[in-house]
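Colleague: I should like a close look at the salt bridges of this predicted model. Please set them against the nonpolar cores and the backbone of the surrounding loops.

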Amino acid sequence: MRDFSPSFPTVPLLEKKVEFRSLQSKSSPSELRNPYLQKAPARGTETFDNLSSEIRLNTKLAHSSARRRYTLKELNSSINKDHYEIKEFMSGINWTLVTVTGKIKRQNTCGACYAYSSVAGLEALANLHRIRKPSNVFSEMQMIECSQDYLNEGCGGGMAVFVFNYVKDTGVFEETDYPIQVPYGSCRKQAGQKRDFDDLDYVVLNANVMSILKALQYGPVVANFSIDNIFRMYKSGVLDKKGCSQVPSQHSHSMLIVGYNLRSHIPYFIVRNSWGEGWGSKGYFNLEIGPLSVTNKGYCNCAAKRVNAFPFLASR
């Protein structure tokens with residue numbers, strides 16, 4: 001997967017004023033198919049902040065459940081289905097509220113979003129299972145330089161699932177043990193601490209938003225997005241299909257989905273980027289989910305293909 005790095009040429013498109021919807025926007029057709037909105041205030045004045053207590057409780061419950069170990073068969077059958085009941089989903093989850101996710105990092109001009117999203121997923125997994133302390137800040141540089149035998153291409157692009165295959169076989173270094181070094185080169189250290197991830201596995205999600213929502217009941221999800229130059233200008237609010245490319249082949253960018261909110265008047269995913277805390281909402285953005293249906297491939301093509309992955313530690 002070719003990455004869309006945060007450095008872009010100046011084009012006329014960037015000079016246009018771009019408006020983004022806020023959480024108080026008027027309802028859309030997708031909301032009419034969302035049972036959770038029946039519980040929301042009639043005027044639609046709810047925001048993420050005043051729902052945070054509910055979402056925090058949901059996340060704590062999900063955290064307790066997700067800390068057990070599952071088999072690949074168990075999770076695959078739970079996450080990838082042809083039909084879902086709304087009762088299967090909590091009204092909102094935000095994994096950042098239970099300190100599962102770490103600091104926002106910045107990939108700069110290296111087209112290795114796959115390394116940053118997958119490492120963020122591994123850090124979340126380590127924090128979720130409390131398998132390594134004190135930092136649980138892992139090395140993207142190791143993935144960029146050392147996973148090329150697993151079909152990744154360094155700063156030229158790659159896939160999170162290839163990183164997971166590599167880490168399962170070789171382990172992962174802390175960032176302090178394998179720091180960022182420019183220019184990027186050949187692998188400096190091959191074997192990390194394998195014991196923590198020797199039972200690492202992952203579920204490749206079906207191509208629909210419902211599989212993403214279901215996987216988020218267990219933890220963050222690494223997903224691919226089609227984005228364009230307008231996306232660079234995002235500041236806050238809920239991004240809709242006007243704010244990103246709907247062409248699957250255009251500027252694929254891998255990021256970590258860390259939660260969702262179905263009680264907002266515009267239901268949205270919460271997504272962690274790798275362009276530093278100065279971008280977006282301290283490094284995060286909200287993306288409209290759209291209709292709660294297995295036919296919905298997601299805005300920004302976030303569920304257009306079977307490439308999204310949910311990493312987990314398998315039961316022995």
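Modeller: I begin with the cores, as background to the charged pairs. The largest nonpolar core has 49 residues, and the members that touch the most others are Phe-225, Tyr-260, Phe-269, Phe-285 and Phe-310. Helix α6, residues 209–215, supplies the largest share of this core, with five residues. Another core lies apart from it and holds 39 residues, including Leu-125, Cys-146, Val-163 and Tyr-202.

The charged pairs come next. In total, the structure contains 10 salt bridges. In one of them, the side chains of Asp-199 and Arg-69 come together with an N to O distance of 2.1 Å. Asp-199 belongs to the loop between α5 (160–170) and β2 (200–204), while Arg-69 belongs to the loop between α1 (52–66) and α2 (72–79), so this salt bridge ties together parts of the chain that are 130 residues apart in sequence. The two partners fall into separate accessibility classes. Asp-199 has a relative accessible area of 8% and is therefore buried, the limit being under 20%. Arg-69, at 29% relative accessibility, counts as partly exposed, because that value lies between the 20% and 50% limits.

The part that deserves the closest attention is the set of bridges around Lys-105. The side chain of Lys-105 meets that of Glu-123 in a salt bridge of 2.8 Å, N to O. Here the link runs from the loop between β1 (92–94) and α3 (113–129), where Lys-105 is found, to helix α3 itself, which carries Glu-123; the two residues are 18 apart in the chain. Both Lys-105 and Glu-123 are buried.

Lys-105 also forms a salt bridge with Glu-140, and in this pair the closest N and O atoms are 2.7 Å apart. Glu-140 is part of helix α4 (residues 140–146) and Lys-105 sits in the loop between β1 and α3, so this second bridge ties together parts that are 35 residues apart in sequence. Glu-140 has a relative accessibility of 2% and counts as buried. For Lys-105 the relative accessible area is 8%, which likewise means buried. Through shared partners, salt bridges join these residues into one network made up of Lys-103, Lys-105, Glu-123, Glu-140 and Glu-175. As a general matter, side chains of opposite charge can pair when their charged atoms come close.

The backbone of the loops completes the picture. The loop between α5 and β2, which holds Asp-199, also contains Pro-183. The peptide bond that joins Val-182 to Pro-183 is cis, with omega about 5 degrees.

Two residues other than glycine have a positive phi and should be noted. Leu-151 has a phi of about 85 degrees and is placed in the loop between α4 and α5. With a relative accessible area of 60%, Leu-151 is exposed, because the limit for that class is over 50%. Lys-282 has a phi near 55 degrees, and its place is in the loop between β6 (268–272) and β7 (284–288). Lys-282 is exposed too, with a relative accessible area of 65%. By contrast, Lys-105, the lysine at which the bridges to Glu-123 and Glu-140 meet, is buried.

Conventions
Residues are numbered from 1 along each chain as its sequence is written. This is a predicted model: local features need pLDDT of at least 70, side-chain atom pairs count only at pLDDT 80 or more; totals for chains, interfaces and linings use all residues. Side-chain values use heavy atoms; hydrogens and water are left out. A nonpolar core is a set of buried Ala, Val, Leu, Ile, Met, Phe, Trp, Tyr and Cys residues joined through side-chain atoms within 4.5 Å. Buried means under 20% relative accessible area, exposed over 50%, partly exposed in between (1.4 Å probe, protein chains only). Helices (H or I, at least four residues) and strands (E, at least two) are DSSP runs, numbered from the N terminus. A salt bridge is a side-chain nitrogen of Lys or Arg within 4 Å of a carboxyl oxygen of Asp or Glu.
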